[in-house]
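Welcome, and please open the structure in your viewer. We will go from the whole chain to one patch on the surface, one selection at a time.

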Amino acid sequence: MTVTYTARVANARFCGFSKLLLVWKGSIYKVLYKEFLAFFAMYTAISLTYRFFLYDDQKRYFEKLAIYCNHYASLIPMSFVLGFYVTLVVNRWWSQYTSIPLPDRLMCVLSGGLQGSDERGRLLRRTMMRYASLSALLILRSVSTAVFKRFPTMDHVVEAGFMTREERKKFEGLHSPYNKYWIPCVWFTNLAAVARCEGRIKDDHTLKLLLEELNAFRGKCSMLFHYDMISVPLVYTQVVTLAVYSFFLVCLIGRQFLDPSQGYPGHDLDLYVPIFTLLQFFFYAGWLKVAEQLINPFGEDDDDFETNWLIDRNFQVSMMAVDEMFGDLPKMERDRYWNDSNPRPPYTAATLFVLRKPSFQGSTFDMAIPKEEMHFQPLEEIAENLEESGSRHPNIALFNRLLNTAPSPSGFMGGALRRTSAQLQRLRHSPSIDQCTSDDDDEDESCKMGKGGSLPSGLGKETQSTVCSFREEKSPRTPLLEIQFGAEHERQGGHLTVSEKEKEEVSRVQGMSDAEWQTREEGREAESTWWEAQAPVSVLPHPPQSPIETSTRPVSAIRITSCHTSAFLFQSTAHSNLEHCSSQPAINQSRAVPTISKPPFRGKKMSFLAVPSHNEPQRFRSVSIGSELTGS
């Protein structure tokens with residue numbers, strides 16, 4: 001019987017394994033004591049020969065040999081080779097145990113699936129279960145020495161009641177050079193088909209479930225056969241065994257205590273019993289003995305599987321389940337907790353401490369959160385925060401870097417005017433970017449630029465121009481603000497001028513005197529005149545306006561000022577805010593500019609996009625999206 005000691009170590013306590021050291025059956029002492037005594041006897045014989053029977057010259061030669069053996073014995077990788085081998089054997093040992101065929105699942109399916117309390121039904125159930133037990137017996141008889149000693153011939157199997165004489169004749173009449181443990185399983189399937197034809201198995205699903213359980217049972221029998229046929233490679237077993245034995249044969253000479261008077265390093269002390277060498281032999285050789293016992297657990301060692309006990313148990317339980325217990329049900333009655341909504345079985349005095357322990361509710365059950373963080377936040381505020389964070393990432397950071405590295409005001413304004421004019425002329429011939437539908441009259445005006453009222457973003461591709469769109473809060477659509485670069489130019493006789501009010505605002509911001517302003521203005525006029533002669537296209541023509549749009553919505557324009565900080569100034573209303581800024585790449589010239597609706601022009605605040613000079617102090621460092629800033 002397998003040595004079981006789990007009850008002795010149910011609780012971990014001080015020196016919990018100390019009692020196990022005194023157990024003899026199944027212990028390492030019982031397995032290893034013969035090899036241990038042989039090793040100690042050989043060591044003692046060599047030590048006595050060295051001390052009392054060798055001459056001085058022979059002792060010197062032996063001492064050199066001992067030092068040599070002790071130095072090179074450490075090169076043998078004992079721990080690695082032996083440890084890996086034992087791990088492999090232990091995993092194989094447990095897999096073999098889980099492959100032992102147990103009839104529990106098969107007998108439950110057979111008892112519930114094959115109906116009939118008459119003698120015919122009882123005969124079918126018992127015969128089918130006996131065939132399954134016979135198949136397990138045949139495979140265990142093939143792999144286990146203990147079972148083979150119990151059933152050495154087929155006559156013993158017939159005498160034990162696992163097989164009838166007629167079945168033995170059929171079994172031996174089927175000639176096959178291979179193991180025939182699978183034949184009873186085929187008889188089982190034939191009987192199942194007969195029971196299905198007789199109607200004792202109600203449907204095909206039950207028959208399928210029964211055959212699946214039989215195939216699982218037969219598969220375990222097959223695994224036991226293959227484990228017996230395919231063992232651990234002999235080469236590996238030989239390597240481990242030779243490594244252990246050769247190591248300790250070398251230790252018989254290398255671990256000898258030498259004469260301290262000779263002054264050999266590490267041999268200052270002379271002892272007669274090599275304690276640590278014996279412990280090392282006990283551990284390594286014991287490890288090898290563990291592998292020898294577990295590599296074939298179907299033998300007759302103390303820790304081998306009790307296969308004969310398994311045969312007796314499985315046969316008795318399976319016959320009881322399909323015969324005596326078929327249709328045998330106890331009388332149903334109400335349990336003692338019938339009217340109790342919270343049933344609690346009683347505890348004894350020894351287990352009363354369990355009631356004092358609180359029930360586990362989860363690892364976060366006792367987690368503390370501040371009260372100010374427990375309030376739900378309005379969904380509108382959360383959506384607004386998400387929209388603001390989304391508008392600043394990732395294009396705004398790139399746009400700010402572009403503004404910080406802007407060229408001089410004159411070069412930037414000239415290039416911006418030329419590129420923006422060409423951009424809008426190309427857009428004039430292109431179709432609308434987005435398709436949108438609307439039922440009101442302003443569909444043709446406000447929906448041509450798309451539902452967002454802005455062009456596709458071109459940041460990260462080519463920063464050709466900057467387009468800013470405004471959105472009226474009362475309107476469901478978001479039109480793009482019309483950008484006019486020609487209105488002020490025409491009103492001033494073809495020259496870009498600055499109003500007195502704007503001059504005062506810029507002078508107040510930057511502290512410029514009238515003389516400095518005049519000098520700056522003359523330079524701007526000369527430069528603009530030069531760009532008029534050089535530019536191949538007009539600055540910005542006026543888009544066509546409908547009468548309705550002209551009467552209901554005043555024109556809002558971008559005035560380009562020749563102030564110290566070159567900037568685009570947008571006149572905006574109190575009900576509009578800057579919604580989208582994007583830098584558009586060059587587009588095909590065949591595309592047309594869609595008609596853009598114009599927001600009303602009133603209010604004192606101005607939303608602007610400032611591009612500072614490269615050699616002047618930068619007062620406005622970023623672009624504000626969705627906010628209104630004054631010019632101060």
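Start with the whole protein chain in cartoon view: 21 helices and 6 strands are there to be found. Keep in mind as you turn it that this is a predicted model.

Next, colour the chain by burial. Of its 632 residues, 38% count as buried. If you display contacts with a separation of 6 or more, 78% of them join residues 24 or more positions apart.

Now switch on the molecular surface. The protein chain exposes about 38,500 Å², and 58% of that area comes from carbon and sulfur atoms.

Time to bring in a record. Select residues 36–54, 75–94, 234–257 and 269–288, which an unreviewed UniProt entry annotates as "transmembrane region". Two of these spans make good stops:

- Residues 36–54: the span is 89% helix and 0% strand, and its end C-alpha atoms lie 26 Å apart.
- Residues 269–288: here the end C-alpha atoms are 31 Å apart, with 70% of the span in helix and 0% in strand.

Stay in this part of the chain and select Y272, V273, I275, F276, L279 and F283. Together they make a nonpolar surface patch of about 710 Å².

For the last stop, click on I275, a member of that patch. I275 sits in helix α12, which covers residues 275–294. Is I275 buried or exposed? I275 has a relative accessible area of 53%, and exposed means over 50%, so I275 counts as exposed.

Technical notes. Residues numbered from 1 in each chain as written. Predicted model: local features only at pLDDT ≥ 70, side-chain atom pairs only at ≥ 80, totals over all residues. Heavy atoms only, no water. Helix = DSSP H or I, 4+ residues; strand = E, 2+ residues; numbered from the N terminus. Buried < 20%, exposed > 50% of the residue type's maximum accessible area, 1.4 Å probe, protein only. Contact = heavy atoms within 4.5 Å. Areas by Shrake-Rupley, 256 points an atom, 1.4 Å probe, with all protein chains shown as cover. Patch = residues over 30% accessible without salt bridge, like charges linked within 9 Å, V, L, I, M, F, W, Y side chains within 5 Å. Salt bridge = Lys/Arg side-chain N within 4 Å of Asp/Glu carboxyl O. UniProt positions renumbered as here; feature names shortened; annotations may be inferred.
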